[in-house]
Amino acid sequence: MRPGGSKVAFFSPGEAKLLREAGHPRGWTRGEVLMREGEEAHSVVLLTDGLVKVTVDSANGYTSLLALRGPGELLGEFSCIDGRPRGATVTAMRRSEGAVVAAEAFLRLLERDPGLCLTVLRSVVGRLRDSDGLRAEQGARTTRARVAGLLVKLAVQYGSAAPETLPGAVAVQVNQRELAAATGASRESVVRCLRAMQQEGLVATRRGRTVVLDLAGLRRWAEE
């Protein structure tokens, strides 16, 4: 799923319990890598708390932000299912916790439980649709609309209250470089967009994050 994309296929309480019981709990500190691009897949992770980012490195050293994932989302299932190396790196953006399930145990669960298998399938299909939608948006919308739309979706799905900035404000743990990578824009263009948004009182920027001050106003920018 791309950042703030279509609704995640969250697991039912019973399905989440099955995954937790099949694995073991684990925690990660901010900046710690959960999974690394190119490595062999030995497990999946059901995230239970925190926030992680999914990135891919290109040959020229450019890092693309593919997605942010939060509690209730599954990580690493693609490689466990098809047996290929990890296609992306997953890094904790803040203290995160989850259940680590060995690949063999995960596949056995899918074979035994049709409901769980269908939930995973729906999640995979949703992410593929989001990927297609992102490519279409990058050619059809202005940079300003893409950045505003991404911030709205991130604030709604993964934001945390920031009352110290302004009552009702929502902080999003994403920096300028990551916004540029996720919207297919240059960092310079993103900086100009954020500056214009600040002048309109829509956002405030902090080290390593963006604070949404006026969600309704930001929505209007996203719909232009």
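Visitor: What shares of helix and strand does the chain have over residues 31-110, and how far apart are the end C-alpha atoms?

Guide: Over that span the chain is 18% helix and 45% strand, with 31 Å between the end C-alpha atoms; helices are DSSP runs of H or I with at least four residues, strands are runs of E with at least two, and both are numbered from the N terminus. This is a predicted model, in which local features need pLDDT of at least 70 and side-chain atom pairs pLDDT 80 or more, while totals for chains, interfaces and linings use all residues. Residues are numbered from 1 along each chain as its sequence is written, and side-chain values use heavy atoms, without hydrogens and water. The UniProt record, an unreviewed entry, places "domain: Cyclic nucleotide-binding" at residues 31-110, although such annotations may be inferred rather than shown by experiment.

Visitor: Why are strands E3 and E8 said to pair?

Guide: Two strands pair if DSSP finds at least two bridges between them, and six bridges join E3 (residues 43-49) to E8 (residues 96-102), so the criterion is met. The two strands run antiparallel, and Val45 stands opposite Val100 in E8. They belong to an open sheet of four strands, in the order E1-E8-E3-E6.

Visitor: What makes E1 and E6 edge strands?

Guide: Strand E1 (24-28) and strand E6 (74-75) each pair on one side only, and that puts them at the edges.

Visitor: Why is H6 called mostly covered?

Guide: Buried means under 20% relative accessible area (exposed is over 50%, partly exposed in between, with a 1.4 Å probe and protein chains only), and six of the eight residues of H6 are buried, so the description holds. Among the buried ones are Glu178, Leu179 and Thr183.

Visitor: What makes Asn175 a cap of H6?

Guide: A side-chain oxygen of Asn175 lies 3.2 Å from the backbone nitrogen of Arg177, at the N-terminal end of H6, and this distance falls within the 3.5 Å allowed for a polar contact between N or O atoms, one able to donate a hydrogen and the other to accept it.

Visitor: Which residues touch the most other members of the largest nonpolar core?

Guide: Leu151, Met197 and Leu218 do, in a core of 29 residues; a nonpolar core joins buried Ala, Val, Leu, Ile, Met, Phe, Trp, Tyr and Cys residues through side-chain atoms within 4.5 Å. H5 supplies the largest share, eight residues. Apart from this core lies another, of 18 residues, including Ala41 and Cys80.
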